[in-house]
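These are my notes from a first look through this entry. I went through helices, open and closed spaces, and rings in turn.

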Amino acid sequence: MFKLAKYEIHPFRNYYRLYYLSYNIYGCYSFFSIGIKTKKKLELTGKSLIASGELYEEYSARISKSVLEKKLGLPSEDSPSMQIYNFTTDEIAGRLKTLSTSEKPVVSILIPVYGATKEVLECLQSLLDSNLKNYPFEIVIADDDPSNNDLSTIFTDIPCVNYIKNSENLGFLLNVNNAVEYCKGEYVILTNSDIVFTENSITYLLESLISDPSIAITGPKILYPNGQLQEAGCSIKRNLETTMIGHLDDPMRSNYNFDRDVDYISGACLCFRLSDFLDAGKFDENLAPAYCEDLDLCLRLTQQKRK
């Protein structure tokens with residue numbers, strides 16, 4: 001069982017925004033279309049047509065979705081895209097250079113990246129605006145695109161950033177396993193390059209983990225761009241199927257808004273002790289290049305009576 005920290009990841013297109021549950025923030029890069037859309041669903045071919053039960057379930061889901069979006073105050077389909085951050089590359093590099101570094105950081109922010117220059121800069125911008133500065137920290141960027149030098153020109157000579165350039169494309173899993181060896185923090189926050197953090201998300205990731213030595217991993221609740229719940233942690237059925245807890249439900253429901261133990265946590269953002277990750281043998285390289293490594297890691301830690 002694994003700890004679910006009290007904050008959310010809010011994805012926008014392929015961007016993610018983390019925010020603490022007490023906030024009422026729905027700013028984003030761009031919202032997808034919302035509202036009830038009519039579309040042709042019945043096709044008469046002889047006596048063949050979609051069952052009325054299926055139509056009821058679909059229309060019911062679409063109505064619920066519209067009601068939720070209206071309650072959350074999300075913009076209409078014609079609303080313009082909303083920019084999360086407005087910055088230049090030089091501004092990000094300049095802010096990073098002003099940050100103090102530590103030879104013994106408490107936390108390492110590990111960001112595996114392949115291309116995605118704009119996304120990783122947005123991620124770093126959000127980290128600069130977060131309470132990460134309250135902890136001795138380092139940022140480890142593991143660049144898995146040997147043919148693209150955009151990031152290398154940005155992060156050269158920035159003391160708080162340990163920039164790793166792979167000579168070949170390793171894939172997500174092997175890239176993480178390699179880069180974690182460069183982390184010096186007691187704790188590691190492994191995050192996708194398209195994550196955007198809000199002010200207090202670092203604190204709630206770390207403090208939930210620090211407060212209980214039996215907890216091996218903390219992670220977030222995840223929202224879709226339209227405000228619906230993607231998952232409040234994940235569960236594993238007896239037949240080994242996996243389920244996203246609360247999928248497509250209202251994220252404001254009380255049963256999703258407290259710390260909980262779950263079977264496993266999505267790998268989009270994981271916080272763990274470096275020693276636990278190394279002692280577990282890191283991600284299982286038999287699963288390379290990617291997928292299910294987060295589930296496998298959580299199950300192996302569960303076998304060690306961790307949560």
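Which residues of helix 6 are buried? I looked them up, keeping in mind that the model is predicted. I found S201, I202, T203, L205, L206, S208 and L209 buried in helix 6. The helix covers residues 201-210, and seven of its 10 residues are buried, so I noted helix 6 as largely enclosed by the rest of the structure.

**Pocket**

I turned next to the largest pocket, which holds about 630 Å³ of space. Its lining counts 25 residues, and those closest to the centre of the pocket are F172, N192, A290, Y291 and E293. I then checked which elements take part: strand 3 (107-113), helix 5 (172-179) and helix 8 (293-303) each supply at least two lining residues. By class I listed 11 nonpolar, nine polar and five charged residues in the pocket lining.

**Cavities**

I searched the whole structure for cavities of 30 Å³ or more and got three. The largest cavity has about 60 Å³ of space. I wrote down its lining as L96, L99, L124, L127, L128, L132, K133, F137 and I139. Two elements, helix 3 (117-128) and strand 4 (137-143), give two or more residues to this lining. Helix 3 gives the most, with three residues. I sorted the cavity lining into eight nonpolar residues, no polar ones and one charged one.

**Rings**

I looked up aromatic pairs and found four in the structure. In one of them, F172 with F283, the ring centres are 6.4 Å apart and the planes are at 35°, so I entered the pair as tilted. F172 lies in helix 5 and F283 in the loop between helix 7 (274-279) and helix 8, so this pair ties together parts that are 111 residues apart in sequence. I checked the exposure of both partners. F172 is partly exposed, at 24% relative accessible area, whereas F283 is buried, at 2% relative accessibility.

Another pair is F272 with F277, with ring centres 4.7 Å apart and planes at 20°, so I entered this one as stacked. F272 counts as buried at 2% relative accessibility, and F277 is buried with a relative accessible area of 1%. I also noted that ring pairs link F172, F272, F277 and F283 into a cluster.

My last entry is on a charge and a ring. The charged end of R260 sits over the ring of F258, 4.5 Å from the ring centre.

Notes:
Residues numbered from 1 in each chain as written. Predicted model: local features only at pLDDT ≥ 70, side-chain atom pairs only at ≥ 80, totals over all residues. Heavy atoms only, no water. 1 Å grid on protein atoms, 1.4 Å probe; cavity = no way out; pocket = protein on both sides within 12 Å on 5 of 7 lines; lining within 4 Å. Points joined across faces, edges and corners; volume = space filled by probe spheres on them. Helix = DSSP H or I, 4+ residues; strand = E, 2+ residues; numbered from the N terminus. Nonpolar A, V, L, I, M, F, W, Y, C, P; charged D, E, K, R; others polar. Buried < 20%, exposed > 50% of the residue type's maximum accessible area, 1.4 Å probe, protein only. Phe/Tyr/Trp six-rings, centres within 6.5 Å; stacked < 30°, edge-to-face > 60°. Lys NZ or Arg CZ within 6 Å of the ring centre and 35° of its normal.
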